[in-house]
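Hi everyone, thanks for making time for this. I'd like to walk you through one protein model, slowly enough that you can follow along on your own screen.

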Amino acid sequence: MARSTFVYVTYIRTTPEQLWSALTDVEFIRQYWFGMRCESEWTAGSSWKLMTGDGQIFDAGEIIEAEPPRRLVIRWQHQNKPELKAEGESRCAMDLEAVGTAVKLSITHTIERDPSKFIEAVSGGWPKIMSNLKSLLETGSVALDEPYPAANTPSEKA
């Protein structure tokens, strides 16, 4: 079967332990993931849910691998948009590697179909989420307040 893949790599000035904590701490996640929250025990076999601020389940699945502070793999299916849910489960691997004073974070998100509207959607979301995470860890504040800000009006484009 054909596979769609999205890969995102960034370097964050932090430690593997701090980055692992940022990826798995409920309150910290809310700060960079636009108010979304994750529920999980963060151990292999435990359930995983990504929910909106009002408790609506956005994505749901399970932790496949959890090797703090090196690797986290989650298998999940989108729950909100029927056309994305119909594509089935995806697999998201997050690999952390210390590189000098930074950590290389590699995200590889795959689904067993090509083309995939789901992978197209996450390819727009992951860069925004990870930019916020990087900024928050390095400066103490996020880069973006909204994932999809309103388009600028002509007078604001100056």
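I'll start with the sheet, move on to the helices, and end with a few unusual spots in the backbone.

One thing before we begin: this is a predicted model.

Let's find the sheet together. It is an open sheet of 7 strands, in the order 1-7-6-5-4-3-2, and the pairing is antiparallel. Which strands sit at the edges? They are strand 1 and strand 2, and each of them pairs on one side only. If you look from one strand to the next, the twist averages 20 degrees.

Now, what packs on this sheet? Helix 1, residues 16-24, does, and it touches strand 1, strand 4, strand 5, strand 6 and strand 7. The direction of helix 1 makes about 155 degrees with that of strand 6. Helix 4, residues 117-139, packs on the sheet too, touching strand 1, strand 4, strand 5, strand 6 and strand 7. Its direction makes about 10 degrees with that of strand 1.

Let's zoom in on strand 1, which covers residues 4-12. Here is a handy piece of background: in a regular strand, the side chains alternate between the two faces of the sheet. In strand 1, the covered face holds Ser4, Phe6, Tyr8, Thr10 and Ile12. The uncovered face holds Thr5, Val7, Val9 and Tyr11.

That uncovered face brings us to the surface. Val7, Val9, Tyr11 and Val99 make a nonpolar surface patch of about 320 Å². Which strand gives the most to the patch? Strand 1 does, with 3 residues. Take valine 7, which is found in strand 1. Is valine 7 buried, exposed or partly exposed? Its relative accessible area is 49%, so it counts as partly exposed, since "exposed" would need over 50%.

Next door is strand 7. Strand 1 and strand 7 pair in the antiparallel sense over 9 bridges. You can pick out individual partners here: tyrosine 8 has isoleucine 107 as its bridge partner in strand 7, and tyrosine 11 stands opposite lysine 104.

Strand 7 also pairs with strand 6: 10 bridges join the two, and they run antiparallel. Cysteine 92 stands opposite histidine 109 in strand 7. These two strands form a hairpin with 2 residues between them, and glycine 100 in the turn has a positive phi of about 60 degrees.

How many residues of strand 7 are buried? The count is 8 of its 10 residues, so strand 7 is largely enclosed by the rest of the structure. Threonine 110 is found in this strand. Threonine 110 counts as buried because its relative accessibility is 10%, and buried means under 20%. What is it in contact with, leaving aside its neighbours within four places in sequence? Threonine 110 contacts Arg3, Ser4, Thr5, Ser90, Arg91 and Ile119.

A little further along the sheet, strand 4, residues 57-67, and strand 5, residues 71-78, pair in the antiparallel sense over 8 bridges. In this pair, glutamate 65 stands opposite valine 73 in strand 5.

Last topic: the backbone. Most residues other than glycine have a negative phi, and most peptide bonds are trans. With that in mind, where do we find cis peptide bonds? One joins proline 68 and proline 69, with omega about -10 degrees. Proline 69 is in the loop between strand 4 and strand 5. The peptide bond from aspartate 114 to proline 115 is cis as well, with omega near 5 degrees. Proline 115 lies in the loop between strand 7 and helix 4.

And where is phi positive in a residue that is not a glycine? Phenylalanine 34 is one case, with a phi of about 55 degrees. Phenylalanine 34 is found in the loop between helix 2 and strand 2, and it is partly exposed, with a relative accessible area of 23%. Tryptophan 42 is another case, with a positive phi of about 60 degrees. Look for tryptophan 42 in the loop between strand 2 and strand 3. At 11% relative accessibility, tryptophan 42 counts as buried.

That's my tour. Thanks for listening, and please ask me anything you'd like to go over again.

How values were computed. Residues are numbered from 1 along each chain as its sequence is written. This is a predicted model: local features need pLDDT of at least 70, side-chain atom pairs count only at pLDDT 80 or more; totals for chains, interfaces and linings use all residues. Side-chain values use heavy atoms; hydrogens and water are left out. Patches are made of residues with over 30% relative accessible area and no salt bridge: like charges are joined within 9 Å, nonpolar side chains (Val, Leu, Ile, Met, Phe, Trp, Tyr) within 5 Å. Accessible areas come from the Shrake-Rupley method with a 1.4 Å probe; for residues, only the protein chains shown count as cover. A salt bridge is a side-chain nitrogen of Lys or Arg within 4 Å of a carboxyl oxygen of Asp or Glu. Helices (H or I, at least four residues) and strands (E, at least two) are DSSP runs, numbered from the N terminus. Buried means under 20% relative accessible area, exposed over 50%, partly exposed in between (1.4 Å probe, protein chains only). Two strands pair if DSSP finds at least two bridges between them. Axes are lines fitted to C-alpha atoms, for helices over the stretch in contact, and angles run from 0 to 180 degrees between N-to-C directions. Contact means heavy atoms within 4.5 Å.
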